[in-house]
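Notebook open, structure loaded. I want to look up the sheet in one chain, then go over to the contact between the chains.

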Amino acid sequence: MGAVSEPRLTTSGNSRDYRDVVLVAPITVPYVRYSIRSAHWFVAHALARLLKESNLNKADIDGLSLGSFTLAPDTAIGLTQHLGITVRWLDHVPLGGACGIVALRRALRAVQAGDAEVVACIGADTNHVDSFRQSLGSFSVFARDAVFPYGSGGPNASFAFLTSYYMRTFGATREDFGKICVAQRDNALGYPHAMFKKRLTLEEYLGARLIADPIRLFDCVMPCAGAEAFLVMTRQRAEALGLPYAIVRATCERHNAFPDDPIQIRGGWVLDRDHLYSAAGLEPADIDFVETYDDYPVMSMIQIEDLGFCEKGEGPAFIRRHSLTTDGTFPINTSGGQLSAGQAGCAAGFLGLVESIRQLTDRNLARRVPEARFGIAVGFGMITYDRGLCSGAAILSRAAV
Amino acid sequence: MIPPLLRPKRKNPILRTRLPLLPPSSRSRAALGLTAAAALGRFELQVCGSCGIVQYPPREVCHGCLSGALHWREQSGSGELISTTTVHLSQDPYFRERVPWRLGMVRLDVGPTVIVHLHVGCAPVPSRVRVGACLDKSGQGVLMAFPIDEVPNMADDTQLREMTCDPKFRKVLVTDGKTDVGQAIVRGLIAAGADLVWVGYAEPWKKIPGFAALAALPQVALLPLDLSDSRSVKEMAGEIGGKVDILINSAEVHRAQGIASRSGIEAARAEMDINYFGLLRLAQEFGPVMRSRAADGQSSATAWVNLLSIYALCNYPSHGTFSASKAAALSLSQCLRAEMRAGGVRVINVFPGPIDDEWNQTLPPPKLTPEALAKAIVNALKDGVEDIYPGDVAQEWLARWEESPKTLEREVSV
């Protein structure tokens, strides 16, 4: 019987750096649990906030990258007319939790190559009362054929499998995941846009309602409506406009990594982390904060391992010996992450990037990570069948370090 | 240890009646291959004709070599249960009514990882399991993991019972109890734990051996029912329609004749009147009420069985008008199936080869005994399949028909 041949893995070892291209104007359109507005409304408000934040006009925006699941039947092109903008570079990136990193990577190159001068990167989605249920059955062909008919638990059931397997294999406990969730909630208390504004105790976490064991209520994100966005432009332009900016030291992106793993315990970061750090000229120890893609706490633990902060399987021990709040020894998800800020569809793929830019440009809304110079934002997403297919990361730094 | 199913208490009319809902039934065309196999009681996956990879979920091409030469092939289903969960919160109204619902992830020995409904008898992870395909309430194929070895009360698992049409503790109508086949079916149902069997009879004056003994069984209730009489069917539906969980239409008229062998259409009309119009009369009167009761508790309405004939697939000229009436019934049964699926009631078609009865006296063996046919029907209910072809002749016809319907037509017309 044949077997899938091991793919030849190309590295981005020769890819150029991102010198002279920067990130500015991190903005958030505040989240609401349900909205009667369309995704277009959230995209428009994101764009308006970007313009206000940057003192630019619509005519200055010549590139648009849009991540959204709820625009249908529109895609990014429909939004140009809807919003009255004329662009010479356009991208539609409906990649959920990875759309921020992927949008960022493409926009950086577009500006670097001169194909656009100012690219607005926007992740936005709406959430009507029945949106989430409807999205489950139409998310992918595989989900419709081979997941949704099985209990219709949505991502909760999918991540229950992964979490259960991870706990059994590596000895993680509910308390370990609880520590992540409780710390993130603590971080969220300093972030005005967080959906959850009440402190979470470990007891509340452990005793919460069972959703799909071992997943309980506070392991799950709350689907909501909202938007996150930033601008990509040249350093020269940002300085001329007097805008504080963050620099991108290195990025990576990988899709459908390790297809032969029986169940997901790692993502594509494992293939790309060496290059990621060497391109950035940094070590994991240099990173001051990590914005994981925390759709479930087990994914934060896997990302901490796969991005080289500890070995595979040592995530639980790592979590136990660190404090995870903004003032801790290993600050993660400094604005609360999706677990506390909410998951506004594709905006969730931007949440960590936007928060990182804020932290590194002193435009904080959440509590500041003291003396933060380097941050890493992680993208992950698109469980079309049994595992998240997309993984990506970006290492950002202050303008001057 | 699986708790045995208990005989349900009398329904309390004050309490809320669970309405029929279906699990998500939308599938890609590629995925319907799983359904087509499960309808026959087989677990098949796509196997690449070029490189041999077994793949799941179903695709349009092989994910290894990109060949489009994919074949659905039967699988043993052996694999390792690597993770489990129990869904307590579901977004879907069907599952919301039925949580907690067990699920598993199985690494099949042939390669793919499959998400499955999990039989309660499976040992905790990691453990060996057998994955099989079932039809769920929506009539679509789904995968379920079972313990490798039979465990007591296996069929009583609540999730499995959603997939099957087990007669245990159910009330059944057998439309004609005056044939050998009808009587064998009644006895088979009682042996399988049916709660009550209404036995229809059309001609009170006709004394049949064994019928009196059958009527004396405590689970049996006789019911005057004439499928050629619309009023009779309507009256009986009014009387018991709201209580029938399984309907087995065993009534048939069979005359061994072709076209030239007899003049006039009276015999053929009698065949059509029972075999086709009888089914239509039954379906109109009993179908809607059964469909409305398809989720009514542990012993809901669940199945409708049609006694067709292998001759429904291809006309057997020496039984030509009978074949035609069964072909008509087959076509109508597909309409009935589509309509009953909306409520979750399974329509099971039975395609026996020649039965060892008075109308097949001139045919050579092998012929199907009424007992064997009854057993096949009870098993079809227990397995929850859609189509069965009992007997060696039926199996042979089926194999020939699947390979080439035209060749079969020539082969049987000599």
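I began with the sheet in chain A, keeping in mind that this is a predicted model. I find an open sheet of nine strands there, and its pairing is mixed. Reading across, I noted the strand order as 3-2-4-7-1-8-11-10-9. Which strands sit at the edges? I get strand 3 (89–92) and strand 9 (289–291) of chain A, each of which pairs on one side only. I also looked up the twist: neighbouring strands are turned by 20 degrees against each other on average, direction ignored.

Next I picked one pair to follow. Strand 2 (residues 63–67) and strand 4 (residues 119–125) of chain A run in the parallel sense, and five bridges join them. I checked L66(A) too, and its bridge partner in strand 4 of chain A is I122(A).

Then I asked what lies across strand 2 and strand 3 of chain A. My entry reads helix 2 (residues 76–83) of chain A, which runs at about 125 degrees to strand 3 of chain A.

Last, I turned to where the chains meet. I have 35 residues from chain B and 35 residues from chain A in the contact. On the chain B side, the elements giving two or more residues are strand 4 (78–87), strand 5 (101–108) and strand 6 (113–118) of chain B. Strand 4 of chain B gives the most, with six residues. By class, I jotted down 17 nonpolar, 14 polar and four charged residues for the side of chain B that touches chain A.

Notes
Residues numbered from 1 in each chain as written. Chains lettered and ligands numbered in written order. Predicted model: local features only at pLDDT ≥ 70, side-chain atom pairs only at ≥ 80, totals over all residues. Contact = placed C-beta atoms within 7 Å. Helix = DSSP H or I, 4+ residues; strand = E, 2+ residues; numbered from the N terminus. Nonpolar A, V, L, I, M, F, W, Y, C, P; charged D, E, K, R; others polar. Pairing = 2+ DSSP bridges. Axes fitted to C-alpha atoms, helices over the stretch in contact; angles between N-to-C directions.
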